[in-house]
Amino acid sequence: MKSSKYIRLTVFCGLLLAALQGKAQIIPNGYINVDWQMNVPLGDSFASKASGWGMNFEGGYYVTPTVAIGPFVSYQTNLEKIDRRTLDLGDGSALTTNQKHALFQLPFGITGRYACRRYLDSVVQPYVGLKLGASYAEISSYYYVIKQYERSWGFFLSPEIGMSIFPRAARRFGFHVALYYSYATNDANVLTYSVNNLNNFGLRAGISF
């Protein structure tokens, strides 16, 4: 887990330095966002604790002055400790143990946005966006030295509102923040737990260039 954290930090810092050294947009008439992601599962989730173990990568090209489309990929891990309890496994068998639940999500696909005010000299550029694609998920329960899990694929949909902030608009390097909701159709069954769809609310914050 620690090594994964250091890898994300290294990638983030490398992209930050590259952006700081550039004097123009990397993609003319486009954008790239690299974000840290905070995720809060909604409803009866398998791992219901809020988590900052996530990142989002996306880019887009403005096909009109205000409408952009492009690819995205993000990932998120949520964890939850489950106190010692007895699970009825059926057929007269039972399991008494502590558990750690882990929910890993990897959605990817196409993102689109409508920029409400996109001008070259605008410091603040708000937008509304929508992500569509596929979602891979791994739902895991750890107990003793055993990992029991199921992998699942589903359809992914995520509306968001956000803004890019360019303190020095001519350099086209700035910051990005967004609030999002995501829904995925992934289903899984692990031990006595059943997952039917994944609902999340979250925050993204990072760099934009």
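**Exercise 1. The main nonpolar core**

Find which residues have the most contacts inside the largest nonpolar core of this predicted model, and which elements supply this core.

*Solution.* Start with the core itself: the largest one has 15 residues. Within it, F46, L103, I139, Y193, V195 and L198 have the most contacts. Next, turn to the secondary structure. Two or more residues of this core come from each of β3 (67-90), β5 (124-143), β7 (173-190) and β8 (193-208). Now zoom in on one member, L198, setting aside neighbours within four places in sequence. L198 is then in contact with L103, Q105, A137, S182, Y183, A184 and N186. Finally, look for what lies apart from this core: another core, of five residues, includes V34, F173, I207 and F209. As general background, nonpolar side chains tend to be buried together in soluble globular proteins.

**Exercise 2. The chain as a whole**

Work out the order of the elements, and what share of the residues counts as buried.

*Solution.* Count the elements to begin with: there are one helix and eight strands. Read from the N terminus, their order is α-β-β-β-β-β-β-β-β. Then take burial, where 41% of the 209 residues count as buried. The chain exposes about 10900 Å², and 64% of this area is supplied by carbon and sulfur atoms. Last, check the contacts with a separation of 6 or more: 62% of them are between residues 24 or more positions apart.

**Exercise 3. An aromatic pair across the sequence**

Describe the geometry of the ring pair F46 and Y193, and locate both partners in the chain.

*Solution.* A search of the whole structure gives seven aromatic pairs, and F46 with Y193 is one of them. A ring pair is described by the distance of the centres and the angle of the planes. For F46 and Y193 the centres are 5.8 Å apart and the planes make an angle of 85°. Planes over 60 degrees apart count as edge-to-face, so this pair of F46 and Y193 is edge-to-face.

Now place the partners. F46 is in the loop between β1 (30-41) and β2 (53-62), while Y193 is in strand β8. With their positions 147 residues apart, the pair links distant parts of the chain. As for exposure, F46 has a relative accessible area of 9% and Y193 one of 18%. Buried means under 20%, so F46 and Y193 both count as buried.

For further ring contacts, look at F108, Y136 and W153, which ring pairs link into a cluster. Two lysines also sit over rings: the charged end of K131 is 5.7 Å from the centre of the F72 ring, and that of K147 is 4.9 Å from the centre of the Y149 ring.

**Exercise 4. The surroundings of S74**

Decide whether S74 is buried or exposed, and list the residues it touches beyond its sequence neighbours.

*Solution.* First, find S74 in strand β3. Its relative accessible area is 4%, so S74 is buried. Leaving out residues up to four places away in sequence, S74 touches Q37, M55, N56, Q105, L106 and P107. To finish, compare sequence with space for F108: S74 and F108 are 34 residues apart in sequence, and their C-alpha atoms are 6.5 Å apart.

**Exercise 5. Strand pairing and positive phi**

Trace the pairing of β5 with β4 and β6, then examine the phi values of Y144 and N197.

*Solution.* Take β4 (residues 93-115) and β5: they run antiparallel and are joined by 16 bridges. Here R113 has G129 as its bridge partner in β5. On to β5 and β6 (residues 146-168), also an antiparallel pair, with 20 bridges. P126 has its bridge partner M163 in β6. β5 and β6 form a hairpin with two residues between them.

Now for phi. Most residues other than glycine have a negative phi. Y144, in the loop between β5 and β6, has a positive phi near 50°. With a relative accessible area of 58%, Y144 is exposed. N197 also has a positive phi, near 75°, but N197 is in strand β8. At 30% relative accessibility, N197 counts as partly exposed.

Note on methods. Residues are numbered from 1 along each chain as its sequence is written. This is a predicted model: local features need pLDDT of at least 70, side-chain atom pairs count only at pLDDT 80 or more; totals for chains, interfaces and linings use all residues. Side-chain values use heavy atoms; hydrogens and water are left out. Helices (H or I, at least four residues) and strands (E, at least two) are DSSP runs, numbered from the N terminus. Buried means under 20% relative accessible area, exposed over 50%, partly exposed in between (1.4 Å probe, protein chains only). Contact means heavy atoms within 4.5 Å. Accessible areas come from the Shrake-Rupley method with a 1.4 Å probe; for residues, only the protein chains shown count as cover. A nonpolar core is a set of buried Ala, Val, Leu, Ile, Met, Phe, Trp, Tyr and Cys residues joined through side-chain atoms within 4.5 Å. Rings of Phe, Tyr and Trp (its six-membered ring) pair if their centres lie within 6.5 Å; planes under 30 degrees apart count as stacked, over 60 as edge-to-face and the rest as tilted. A charge sits over a ring if NZ of Lys or CZ of Arg is within 6 Å of the ring centre and within 35 degrees of the ring normal. Two strands pair if DSSP finds at least two bridges between them.
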